[in-house]
Amino acid sequence: MDKNNSFNKFVSSLKKYPTNEVAKLFSKYERDCYKDSEKGILTEKEFDYKFYKQKIYIKPWLFPEIIYYSTSNNDHRNGTIVEDDAWDIYGLYQNYDMDKEDNHIKKSNTDENMVFTYILYGIAQQQFIYQKSHRYINRFSRNYHLLKDIEIDGESLSTIVKEKFSISLKKYVEMLTLITILSMKNVVINTEQILSIVKDKDLYLDIIDYLSVDYYECRNTKLKQDVFKVKPILHSQMDEYIVPSFCLMMYNLGDNLYWLLKDKFSKGNKFVVKFGEIFENYVYEVLLKHFSEKVVRIPRVEGKKSADFYIESDKFVYLIEVKSGVAKLDSKTAVLNQKSLDDFIKNNVTDAILQIDASAQKFKNKRIVPIVANFDVLFTEDSLLHNIENLCCVKNFNIKETILLGIDDFENFLYTYKNLEKIDKLIEDVLKDKNLLGGVKIYKLLENVRGHKNYYFKDVFNINKNILNQKTD
């Protein structure tokens, strides 16, 4: 079906129901899918298809999009919506979503070598928020560790929070944690029951209002269906604060502190430069924790490229380049902005590889293992490296052996393998595997990696019970 026809059919059905009722019901479904994913299962639903029934896997990332379209296409304030109606609407929207993706692929002027990268990276960024949302707890804690002491032109996270809410940074972090945890089981987070147990009700309402978008703002945002990634709460005309997606609340929490500070310095590049230095120093600390004096920081020479660090083992020279760039929101979806992703790859992958290559020429006696550590959550590193030999030319190592890791996987990798001897053995085995065609597959490196807790930074995702009058269920 043509995407315009499928969209019109979806909207025509959606308009029959009030937005707040649509939002609450689909928000409930999202929590149900989250519970299933915690058990390691995908949610299925049976639909009538012509003369037979067909089971399909539910895509929970579509629920917040349906809620967005309900706000932007609906003035209906009365009535209710029942489950059968909701699932009919979902089926119509999933049809539109598939038509939209198909149309995007057909119309885009894509280099055929990059199709795999665009499709896999975009889909993963859209979907894995709902399958690996726990990663954003670590990201929240890491960002607190990185940013709490930054000061630029007399401004810091503490001063920004004090100015906005008249509270300390620690209190703000506690309230963000509380709001996120409450939204795990509660769709509406300003019910009488919830407000009765929150000790500082006015502060709580101030912060959820700061995190929210009302109907008018939702309809007029340039972010469109991605709006709940930036403002994870919908303020309805019935004065309900509805959380369309617990997973998007977690996603927002992960970078809440980062964007709070970055937005303060949106003009110019002061924050970008400062954060780049801080993140590089952080990776250095992580490396020192494992390899101590074996980690060598490469001195910078103005006008010349070089990697940031090297570690020499008995068998390899590990050359490490650190990048603090974050991909734009419009590249983190199946129907992505290809230029945004191209720019991210250029600035954070190919440039890093060229910097490593410049340093690699000084090491001729051992095999080079190039490692790029990036600040962003990457999910599918192999997709970003898929066409790398056509995007970047190196002289001093095999570019197909590049290891690209987001900071979360980088930490977990080091935490699991601990020392150079174990890492050497792993890399040696991977490079010997003929099925890898002489290249490193990141997913193979991460197969046995386990997560860390309180190893590189303190976990701040917890509730100080003093901010509640009593325990919640």
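Which side chains along strand β7 (residues 309-312) are buried, and which are not? The model is predicted, and the tour begins with this strand.

Select residues 309-312 and display their side chains. Phe 309 and Ile 311 are directed to one face of β7 and are buried; Tyr 310 and Glu 312 point to the other face and are not buried. In a regular strand, side chains alternate in this way between the two faces of the sheet.

Next, add residues 295-297, which form strand β6. β6 and β7 pair in the antiparallel sense, with 3 bridges between them. To locate the pairing, centre on Val 296, whose bridge partner in β7 is Tyr 310.

Then extend the selection to residues 316-323, strand β8. β7 and β8 run antiparallel and are joined by 4 bridges. Here, Ile 311 has Tyr 318 of β8 as its bridge partner. The connection from β7 to β8 is a hairpin through 3 residues.

Now turn to a pair of helices: select α6 (residues 135-147) and α18 (residues 407-417). Their axes lie 10 Å apart, and the helices pack at an angle of about 95 degrees. Because angles of 65 to 115 degrees count as roughly perpendicular, α6 is roughly perpendicular to α18.

Finally, show the side chains at this contact. α6 contributes Arg 135, Asn 138, Arg 139 and Arg 142, while α18 contributes Ile 407, Asp 408, Asp 409 and Glu 411. Colouring the contact of α6 with α18 by residue class gives 6 charged residues, 1 polar and 1 nonpolar.

How values were computed:
Residues numbered from 1 in each chain as written. Predicted model: local features only at pLDDT ≥ 70, side-chain atom pairs only at ≥ 80, totals over all residues. Heavy atoms only, no water. Buried < 20%, exposed > 50% of the residue type's maximum accessible area, 1.4 Å probe, protein only. Helix = DSSP H or I, 4+ residues; strand = E, 2+ residues; numbered from the N terminus. Pairing = 2+ DSSP bridges. Axes fitted to C-alpha atoms, helices over the stretch in contact; angles between N-to-C directions. Parallel < 35°, antiparallel > 145°, perpendicular 65-115°, else oblique. Contact = heavy atoms within 4.5 Å. Nonpolar A, V, L, I, M, F, W, Y, C, P; charged D, E, K, R; others polar.
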